[in-house]
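Please open the structure in your viewer and keep the selection tool handy. We will walk through it one stop at a time.

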Amino acid sequence: MCSTCTNFQKKTTSLGCSAFLILFAVALGVLWPSMSQQMLYNKLVLKNDSSTYNNWIKTPIPMYLEIYFFNWTNADEVIANRTVKPHVVEMGPYTFAELHERVKLVWNENNTVTYQQRRTWHFEPELSNGTLDDNVTNLNIITLNAAHLLRNANAATKLLVNLILDADGALLWKNKPVRQLLFDGVDDPLLDLLKTINNTDLNIPFDKFGWFVGRNLSDTFDGTFTMKTGSDGLDTMGFLTQWNGAPRTGMYRGRCGEVYGTSGELWPAFTRTPENITLFPSDICRSITLQKTDTVSLYNVLGTKYTADDRVFDNGVKYPETSCWCNADPVKCPDLKPGVFNASACKYGSPTFISFPHFYLADESYQNSVTGLDPNRTEHEFYMAIEPSTGIPLDVRAQLQINEHLEPISGFSIYKHVPDVMIPMIWFRQRATLTRELAEQAKLALALPSLGIYVAFFFGSIGFIMAVVFLYCSVKKWSHDTEPVPYEELQN
């Protein structure tokens with residue numbers, strides 16, 4: 001403190017500093033909640049250069065797609081004797097690094113953004129169990145689709161197609177390389193013959209078949225999404241309002257036909273932890289709702305784990321509210337045993353059915369109809385872990401299985417002696433885990449509301465201590481100045 005100042009100036013300065021610190025602390029404590037909320041809003045809202053935007057426009061979290069094939073090893077025995085169960089052997093995983101980019105953004109006036117999604121996959125040999133040259137035997141998708149789509153056609157059309165299938169088709173694709181069944185595509189001459197038939201029922205929308213043909217680097221395959229940006233409230237950020245320009249998919253009745261939930265990568269900042277969350281995977285043209293189960297921790301960031309249970313692929317058997325997933329005539333619903341979802345409407349009428357891997361959580365009849373399966377929670381559970389206050393995904397294991405319905409089809413000799421069974425074809429797991437760097441950002445965002453309170457408490461404590469010291473010194477000096485002097489000392 002100034003050595004040339006008078007005692008009065010020193011006292012005034014000390015008292016002023018302590019008062020200022022105390023007032024500053026009180027003001028900061030009162031104003032900080034709204035200030036921190038605004039700073040958090042600026043970080044989380046989806047707008048140019050916000051943290052959320054930068055992490056959403058090109059996903060920074062390492063993502064991987066693990067693909068497993070089912071190799072059907074005893075097909076000839078099954079066809080010869082219907083009592084023999086199909087036996088499959090799981091192959092894989094064939095692992096691909098996956099990158100998501102959002103392109104062709106249009107910012108709308110109603111606080112939404114319309115965009116398309118570009119996905120890129122690169123094969124990762126060191127993370128895979130096998131090579132893309134491994135051979136797989138399973139159902140011939142082109143033959144099966146042709147027979148299924150024309151199952152109700154007139155007799156003349158069925159006779160013509162049956163002749164083509166007998167001459168050039170086959171029940172199975174034998175020893176097809178993984179690379180063809182995934183991204184390169186199977187170039188089957190049968191497809192060209194079928195396309196020459198002028199029949200509106202026979203709509204096969206591909207020139208060659210592969211589970212991911214035409215998807216790598218495509219901007220349009222996943223469709224066009226319209227999503228809330230959070231500008232009118234972080235509690236709705238990430239919610240889809242339209243897919244392909246409409247609020248409904250046009251595939252299912254009632255609530256099941258609505259486009260709702262998030263894309264799975266951008267979640268709102270919840271004011272309280274919800275009991276369930278919903279995502280909309282465009283691959284299956286529908287929403288999936290996950291239920292809250294556990295609390296998890298990753299890099300000291302606490303999150304809530306949400307798991308897909310047996311409600312997801314029920315169609316009204318166990319849960320009446322899921323009956324709208326049944327696409328049959330309502331009087332015939334439910335038309336499937338629980339655990340398998342009819343995705344034909346999403347797959348151009350193909351007899352394609354979705355389940356969890358190895359028919360996990362499905363009716364036992366599906367598992368018992370095929371040998372070689374081993375459903376278990378550890379490997380096959382679909383879940384997401386989210387930090388609810390910021391909506392940051394911590395850990396994701398999204399996994400589904402594609403099955404084809406093999407059954408006798410009248411008028412087609414290839415399918416005359418086949419059993420009625422759901423054949424597992426392929427299952428995939430999409431996994432992503434928060435990095436340590438992003439976890440530190442999440443912890444900073446979580447600490448922001450309390451940071452100002454700590455700062456206010458720090459400065460308020462200093463101001464209070466200074467005031468106490470000032471009062472103590474003043475009282476002591478006043479006591480010293482007014483202390484009576486003994487008479488004997490005054491005589492000296």
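The tour below visits a few strands and then some enclosed spaces.

Bear in mind as you go that this is a predicted model.

**Stop 1: a hairpin.** Select residues 88-107, strand S2, together with residues 112-123, strand S3. The two run antiparallel and pair over 10 bridges. To see one place where they meet, label Val-106 and look across to Thr-114 in S3. Four residues separate the strands of this hairpin, and in the turn you will find Asn-111, with a positive phi of about 65°.

**Stop 2: the other partner.** Keep S3 and add residues 224-228, strand S6; these two are also antiparallel, with five bridges between them. Here Tyr-115 faces Phe-225 in S6. Is S3 mostly covered or open? It is mostly covered, as nine of its 12 residues are buried.

**Stop 3: the largest cavity.** The model holds four cavities of 30 Å³ or more, and the largest contains about 80 Å³ of space. Select Asn-138, Leu-139, Leu-181, Trp-211 and Met-425, which lie nearest its centre among 13 lining residues. Then show S1 (63-72), S4 (135-139) and S5 (172-177): each supplies at least two residues of this lining, with S4 giving the most, four. Coloured by class, the lining shows 10 nonpolar residues, two polar and one charged.

**Stop 4: the second largest cavity.** This one has about 50 Å³ of space. Its lining includes Arg-286, Asp-314, Trp-325, Cys-326 and Asp-335. By class, you will find seven nonpolar, two polar and three charged residues around the second largest cavity.

Terms used
Residues are numbered from 1 along each chain as its sequence is written. This is a predicted model: local features need pLDDT of at least 70, side-chain atom pairs count only at pLDDT 80 or more; totals for chains, interfaces and linings use all residues. Side-chain values use heavy atoms; hydrogens and water are left out. On a 1 Å grid over the protein atoms alone, a cavity is a set of points where a 1.4 Å probe fits but cannot get out, and a pocket is an open set with protein on both sides within 12 Å along at least five of seven lines; lining residues have an atom within 4 Å of a point. Grid points are joined across faces, edges and corners, and a volume is the space filled by probe spheres set on the points. Ala, Val, Leu, Ile, Met, Phe, Trp, Tyr, Cys and Pro count as nonpolar, Asp, Glu, Lys and Arg as charged, and the others, Gly among them, as polar. Buried means under 20% relative accessible area, exposed over 50%, partly exposed in between (1.4 Å probe, protein chains only). Two strands pair if DSSP finds at least two bridges between them.
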